[in-house]
Every structure is written in structure tokens, then in C-alpha cells.
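Here's a quick walk through a small set of computed features. Have the viewer open as you read.

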Amino acid sequence: MMITIKCPKCGTEGSQSLLKPDYEGPYRCWKCRELFVITIKGNEVKSWKPLTEEEFAKMQEAEALKAKFKKPPQD
Ligand SMILES: [Zn+2]
């Protein structure tokens, strides 16, 4: 599922793929490169928090790990 996210800083629209209609995680605007933590509920962005580069990297790692462990065993 893909949703459209409008950057609160520059107003540029980007998209984020979601596994669920509710999501909290990192987002980077492709245009102004600003980093945020976004909260999505019911496919709508409910809140934005600015994020540092370091925090963003950490969150991405955590998300990647989660995705890895979510995969069913491939036997
Ligand atoms: Zn932006």
C-alpha cells in the first residue's frame, strides 16, 4: 500500500509504502532532504517530528531488522 505524504517544510509530495494503515517511522523528503518521524493512522499522517541524521539512521536500521524478522521462513 502506498500513501502520499506532503512534506510540512517544503510542501512537496512524496510517497511511502506501508505494511499496515498505522505506521510510525522515519521519512525523508526527497526534495528538501528534511528528516522526520511520522505517525500515520488510518492511512493519514497525524503527526510530524523533526529528526536528526543520526536518529534517522538508527530508526532505519530498526525498521530493516523488524522487516527481516517478519518474513516467514523460506523453506
Ligand atoms: Zn520537503
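Which residue in β2 is the bridge partner of Met-2? That would be Ser-17.

## What you're looking at

This is a predicted model, where local features need pLDDT of at least 70 and side-chain atom pairs count only at pLDDT 80 or more, while totals for chains, interfaces and linings use all residues. Residues are numbered from 1 along each chain as its sequence is written.

On pLDDT (the predictor's confidence in each residue, from 0 to 100), the protein chain averages 89, and 95% of the residues score at least 70. Strand β4 (residues 35–41) has the highest mean among the elements, 94, and helix α1 (residues 53–70) the lowest, 87.

## Overall layout

The chain has one helix and five strands, in the order β-β-β-β-β-α from the N terminus. Helices (H or I, at least four residues) and strands (E, at least two) are DSSP runs, numbered from the N terminus. Along the principal axes, the C-alpha atoms fill a box of roughly 45 × 30 × 20 Å.

Just 4% of the 75 residues count as buried. The cut-offs are 20 or more other C-beta atoms within 10 Å for buried, 12 or fewer for exposed, and partly exposed in between, with C-beta atoms placed from the backbone.

## The hairpin

Strands β1 and β2 form a hairpin with six residues between them, and Gly-11 in the turn has a positive phi of about 80°. The two strands run antiparallel, joined by five bridges; strands pair if DSSP finds at least two bridges between them. None of the five residues of β1 (residues 2–6) is buried, so this strand lies largely in the open.

## The sheet and its helix

The other strands make an open, antiparallel sheet of three, ordered β3-β4-β5. β3 and β5 (44–50) are at the edges with a single partner strand each, so one side of each has no neighbour in the sheet. β3 and β4 pair over six antiparallel bridges, and Tyr-27 has Phe-36 as its bridge partner in β4. Helix α1 packs on the sheet, touching β3 and β4, and its direction makes about 130° with that of β3. Such angles run from 0 to 180 degrees between N-to-C directions, with axes fitted to C-alpha atoms, for helices over the stretch in contact.

## Around Cys-29

Cys-29 sits in the loop between β3 (23–28) and β4. It counts as partly exposed because it has 19 C-beta neighbours inside 10 Å. Beyond its neighbours within four places in sequence, the contacts of Cys-29 include Cys-7, Cys-10 and Glu-34; contact means C-beta atoms, placed from the backbone, within 7 Å.

Conventions: Two residues are in contact if their C-beta atoms, placed from the backbone, lie within 7 Å.
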